[in-house]
Amino acid sequence: MTASEPAIAKPAAVAPSDGPVLDPITSEVLRNAFVTAVDLMAEQLLRTSHSFVIHARDFSGALSDANGDTVAQGSQDVAVQVGTLHFSAKAVLDAFPGDICDGDVFVLNDPYAGGTHFNDVRVLRPIFDDGVLIAMAQSNGHWADVGGSAPGSFDTTAVEHFGEGLRITPVRVWHRGRYLADVARLIASNTRAPEDAEGDLLSQAEATRVCEREVLRLTAKYGREAVLAAFEESQAYVERVVRRRVGALPDGYWEAEDYIDVDPNQGDGLVPIRVGMHIAGDAIRYDLSGSHPAIGSFLNSAFGGTFSAIVAGTKTFFPDVPLNSGFYRPLLVDFGPPGTVVNASWPTAVTGFYAGPYEKIVSAIFQIWSEIVPQRAISTSFNLEYLLLGGRDVRRGRQGRFMYYDWMAGGWGGRNGKDGSNATASIFGVGHAIQSIEMQERSSPVLTGRCELRTDSAGPGEFRGGLGLVKEVTLTDGDGVVLSYCSDRARSVITGTGGGLPSCPHGLSINPRSAGARYLGALASRLTIVPGDSLERPSAGGGGFGDPLCRDPERVLADVVDDYVSVDRARKDYGVVVRNDPEDPDSFQVDDVGTAAERRRLRGHRVDALHADPAAVAEMYVNGELDEFDLVRQFGVILDWGSGRLLVRTTEQFRDIFQRRCVRFWPA
């Protein structure tokens, strides 16, 4: 091999057993240097990406060793992508055995190979040191569109992946440093924004070069063997910490479940996601084998997205532990048979995994760990949702296509001793930035009329959930614009914990204050809208924690003053009677006598309300005598919120959940 010829990968390098033993200080310096290398990769991508979605931090990165095991992830990576990047690295190694060269760069987005969904495109660069493959740098970014039947590639009605976009199995896009423009064009041309797609590809590839530069700087300073030893020690350290902490917990078995709104193949009825967890010694075994078969929409998850949910849910209760493959080693997961909603196989549609199984698995894990570590207990948090609009931006002429891609903040669940966080990124998207409305309006013909905290959206409790938002936007200068809306929890409404009450349903409405108002629910795709159409949607608040009748009335009063809770719902949900000061209409005070009487009344009647005739309750809603808060919090009744049709089976299931998570904690 000549000095100018790029190296072909030798067998994967690992630290030799008789190699140098790192002293603790050097080991810690290198471990943090690896994280810094990934963070620098992230900063490069943030400043050079073309997609507004990536600029809003929907990306992640990883440094893997030569076996594909994750050594370090970034400190602000999107939560959903943790636990999946090592699968991508291993997929590349498996696809090109003995055929990986210095200067190569690979691309893939395959959910069935351990990825998340098709929009999450991973770019991987092998890192060579003196002809030896020592590591892989990976940049994962959410591309705004990867083709398929709907702009943004989120077709909520898809049942197979062919309607969801381009599936990229591991493919080489740079070979020995040479850019394979024909391959890149093939990928980019299958998207609705090919310039952005190729721009993001180039940006991600350059980001991996930054990580490569940092790793080679470390090998030059400390030596290759020391860096390889630090790769393994970084993972071994995390594994030791996790095993030690798990080993200190009691052995046992726990179960929890959460629900997706509906399987279109079956109609009325919630779809269960069941999670079992067994602690034995210093290992944790998760069991998802009892979950529902794959459903007739895109709300399914392949094994990569499911494993990510396991990791993210567990990691929440180990917040100070670094994240790499050492964290995964004590986690044993039984995904159950292929073909379920949590272990979907090709070609089942999986793009909506984030709103379906992912959020529900994390919620179930939170329930389990809240029992094991009650001082960190947390109630259910709001569900991620997306609004996507795509078409022609008239302001830019005939060729000006746009992609409006918006996710909402919402409320996290109430906690043991603390209220939930208001208007926070979702559990799925921890690491996401809240998108700039000004930048959205500049890049898309969409005007935001309001974006504000939604009064009463927080689940009531001794410690209430955080508040959600309500956002309204209007299409202005668009032509041929198509809408998709992707969420859940219109029926599987956020529930409380330990006696806390539910939050409120998700859902999208078109022209809500006009005669032609239409409620679309939590899923909609390929709907045409025209300039002047207004779109309004709330995000839910978090579930309440603890009995709301135990909340300090003065704290309820403070929430009324802040417009977090209305005077009406202060009485209905908390039993707190708040009156205006006659001398000052803007001043409120607690009626202590009225509050004591109201709380006695509620304690005597609130259980009975959950046995009221659902059909009669639904009729009162249709007649305007009750609202959706009354139905979900007082009566446990779920409707099709647009038509007012009673969902009989869903209501039965929701009332059962209510009994188990709320009523049984109320004093007799």
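Three exercises on a predicted model follow, each with a worked solution.

Residues count from 1 along each chain as its sequence is written. Local features need pLDDT of at least 70, side-chain atom pairs count only at pLDDT 80 or more, totals for chains, interfaces and linings use all residues, and side-chain values use heavy atoms, without hydrogens and water.

**Exercise 1.** Describe the interface of domain 2 and domain 3.

Solution.
- Start with the bounds. Domain 2 covers 377-546 and domain 3 covers 610-668; such bounds come from an automatic or database domain assignment.
- Place the centres. The C-alpha centres of the two domains lie 23 Å apart.
- Count contacts (heavy atoms within 4.5 Å). Here 23 residues of domain 2 meet 18 residues of domain 3.
- Take the buried area, meaning the accessible area (1.4 Å probe) that two parts lose on being put together, summed over both. The value is about 1,600 Å², with 61% on carbon and sulfur atoms.
- Look for salt bridges (a side-chain nitrogen of Lys or Arg within 4 Å of a carboxyl oxygen of Asp or Glu). The count between domain 2 and domain 3 is one.

**Exercise 2.** Which parts of the chain does the Arg172 and Asp99 salt bridge tie together?

Solution.
- Check the pair. The closest N to O distance is 2.8 Å.
- Locate both ends. Helices (H or I, at least four residues) and strands (E, at least two) are DSSP runs, numbered from the N terminus. Arg172 sits in strand E6 (residues 171-175) and Asp99 in the loop between helix H3 (85-95) and E3, so the bridge links parts 73 residues apart in sequence.
- Check exposure. Buried means under 20% relative accessible area, exposed over 50%, partly exposed in between (1.4 Å probe, protein chains only). Arg172 is buried at 14%. Asp99 is partly exposed at 33%.

**Exercise 3.** Is Asp630 buried or exposed, and which residues share its salt-bridge network?

Solution.
- Read the accessibility. Asp630 is buried, at 2% relative accessible area.
- Find a partner. Asp630 and Lys572 form a salt bridge at 3.1 Å, N to O. Asp630 belongs to helix H15 (residues 628-635) and Lys572 to helix H12 (residues 567-574), so the pair joins parts 58 residues apart in sequence.
- Check that partner. Lys572 is partly exposed, at 22%.
- Extend the network. Shared partners join Asp568, Arg569, Arg571, Lys572, Asp573, Glu598, Arg601, Asp627, Asp630 and Arg633.
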